[in-house]
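Subject: Structure for your review

Dear colleague,

Please find below the structure that I am handing over to you. My findings follow directly after it.

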Amino acid sequence: GKRASGEARRVGLLLYDLFSSWLWVYPLLGRKAQSAKECLLDFSGPHQYLFGFYSDNAPELIKAAKELSLCRSHSVPRRSTSNTDAEYTIRRVTRFTRAALARAGLTADWWPMAITYVCFLYNTHIFDGDSAWNRRHGKGHFKDLYPSCPRPPFGVLVYFMPKDTHKFGTSTIPGVVVGVTMNAGGLWGHAYECIALDDFKNFLD
């Protein structure tokens with residue numbers, strides 16, 4: 001959304017790992033092969049290798065796969081048996097994102113921030129005794145690795161320490177959680193992204 005990010009994100013590229021069930025959505029300005037290529041590299045990270053991926057026949061994905069020397073499997077248009085996993089995942093992420101925006105009282109303009117945060121919550125959630133986080137990284141669940149770091153809901157009011165705090169100023173200020181810092185390969189950046197409450201109100205005006 002333009003209000004939330006300063007520049008309108010028009011589309012989202014959803015990437016999903018069949019082995020770990022890890023997923024991530026990359027909000028993009030448009031359908032460009034270079035952007036798709038950068039997303040695939042970020043998704044795999046520096047310590048993992050993509051052997052191939054399954055997609056529709058979008059030209060930018062075909063070009064990105066060719067430039068990365070990936071073996072790309074084809075989906076069949078309008079044939080649900082070949083697209084069931086992808087379609088279900090897209091519907092699920094979309095539904096969760098709508099719920100997160102509604103709970104936070106925010107408009108659809110904020111979808112780029114909401115949808116990536118929803119992916120983080122999904123990847124770190126434990127389903128039937130296991131989590132995508134553990135399957136992806138193989139080091140345990142997020143909540144066990146970082147017991148002092150709760151996973152706050154998107155748009156929740158918190159008190160946080162801004163980066164440019166004056167040494168004589170207030171150490172914490174009220175703000176709203178709008179994201180999480182992630183590094184390539186799905187590695188956590190050990191920080192949540194917040195907007196100061198005063199700035200947040202300006203976005204809503």
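Directly after helix α3, Ser-69 adopts a positive phi of about 60 degrees. Please bear in mind that this is a predicted model.

Two further residues deserve attention for their backbone angles. Ser-21 has a phi near 70 degrees, a positive value in a residue other than glycine. Ser-21 lies in the loop that joins β1 (11–16) to β2 (23–28). Buried residues are those under 20% relative accessible area; Ser-21, at 16% relative accessibility, therefore counts as buried. Asp-128 also has a positive phi, near 50 degrees, and is likewise a residue other than glycine. Asp-128 sits in the loop between β5 (126–127) and β6 (130–131). The cut-off for exposed residues is over 50%, so Asp-128, with 86% relative accessibility, counts as exposed.

As for the protein in general, it contains eight helices and nine strands. It has 205 residues, of which 40% count as buried. If one takes the contacts between residues at least 6 apart in sequence, 48% of them join residues at least 24 apart.

I return now to helix α3 and its partner. Helix α2 covers residues 33–44 and helix α3 covers residues 59–67; the two pack at an angle of about 55 degrees, and their axes are 8 Å apart. Because of that angle, α2 is oblique to α3. The crossing in which α2 passes α3 is right-handed. From α2, the residues Ala-33, Ala-36, Lys-37 and Leu-40 take part in the contact, and they meet Glu-60, Leu-61, Lys-63, Ala-64 and Glu-67 of α3. By type, the residues of this contact are five nonpolar, no polar and four charged.

Which residues of α3 are buried? They are Glu-60, Leu-61, Ala-64 and Ala-65. When one looks down the axis of α3, these buried residues fall within an arc of 130 degrees, and so they line one face of the helix. An α-helix has 3.6 residues a turn, so residues three or four places apart point the same way. On the other side of α3, Pro-59 and Lys-66 are exposed.

Four individual residues were also examined with regard to their surroundings.

Phe-154 belongs to the loop between α7 (142–145) and β7 (157–160). Its relative accessible area is 5%, so Phe-154 is buried. Neighbours within four places in sequence aside, Phe-154 is in contact with Ala-100, Leu-101, Ala-104, Leu-106, Trp-110, Met-113, Ala-114, Tyr-117, Val-177 and Val-178. Although Phe-154 and Thr-97 are 57 residues apart in sequence, their C-alpha atoms are 9.5 Å apart in space.

Ile-195 is part of strand β9, which spans residues 187–196. With a relative accessible area of 12%, Ile-195 is buried. When neighbours within four places in sequence are left aside, the contacts of Ile-195 are with Trp-110, Phe-160, Gly-175, Val-176, Val-178, Phe-200 and Phe-203. Trp-110 and Val-178 thus appear among the contacts of Phe-154 and also among those of Ile-195. A distance of 9.8 Å separates the C-alpha atoms of Ile-195 and Val-158, which are 37 residues apart along the chain.

Arg-10 is placed in the loop between α1 (2–5) and β1. Is Arg-10 buried or exposed? Its relative accessible area is 62%, so Arg-10 is exposed. Arg-10 nevertheless touches Leu-28, Leu-29 and Trp-111, not counting residues up to four places away in sequence. Arg-10 and Pro-27 are 17 residues apart in sequence, and the distance from C-alpha to C-alpha is 7.3 Å.

Leu-197 is located in helix α8 (residues 197–204). Partly exposed residues lie between the two cut-offs of 20% and 50%, and Leu-197, at 22% relative accessibility, therefore counts as partly exposed. Residues up to four places away in sequence not being counted, Leu-197 touches Leu-157, Pro-174, Gly-175 and Val-176. The C-alpha atoms of Leu-197 and Pro-174 are separated by 5.6 Å, while the two residues are 23 apart along the chain. Gly-175 and Val-176, which Leu-197 touches, are also in contact with Ile-195.

Yours sincerely,

A colleague

Note on methods. Residues are numbered from 1 along each chain as its sequence is written. This is a predicted model: local features need pLDDT of at least 70, side-chain atom pairs count only at pLDDT 80 or more; totals for chains, interfaces and linings use all residues. Side-chain values use heavy atoms; hydrogens and water are left out. Axes are lines fitted to C-alpha atoms, for helices over the stretch in contact, and angles run from 0 to 180 degrees between N-to-C directions. Helices (H or I, at least four residues) and strands (E, at least two) are DSSP runs, numbered from the N terminus. Angles under 35 degrees count as roughly parallel, over 145 as roughly antiparallel, 65 to 115 as roughly perpendicular and the rest as oblique. A crossing is left-handed if the near helix is turned anticlockwise from the far one by less than a right angle, and right-handed if clockwise. Contact means heavy atoms within 4.5 Å. Ala, Val, Leu, Ile, Met, Phe, Trp, Tyr, Cys and Pro count as nonpolar, Asp, Glu, Lys and Arg as charged, and the others, Gly among them, as polar. Buried means under 20% relative accessible area, exposed over 50%, partly exposed in between (1.4 Å probe, protein chains only). The arc is that of the directions from the helix axis to the C-beta atoms.
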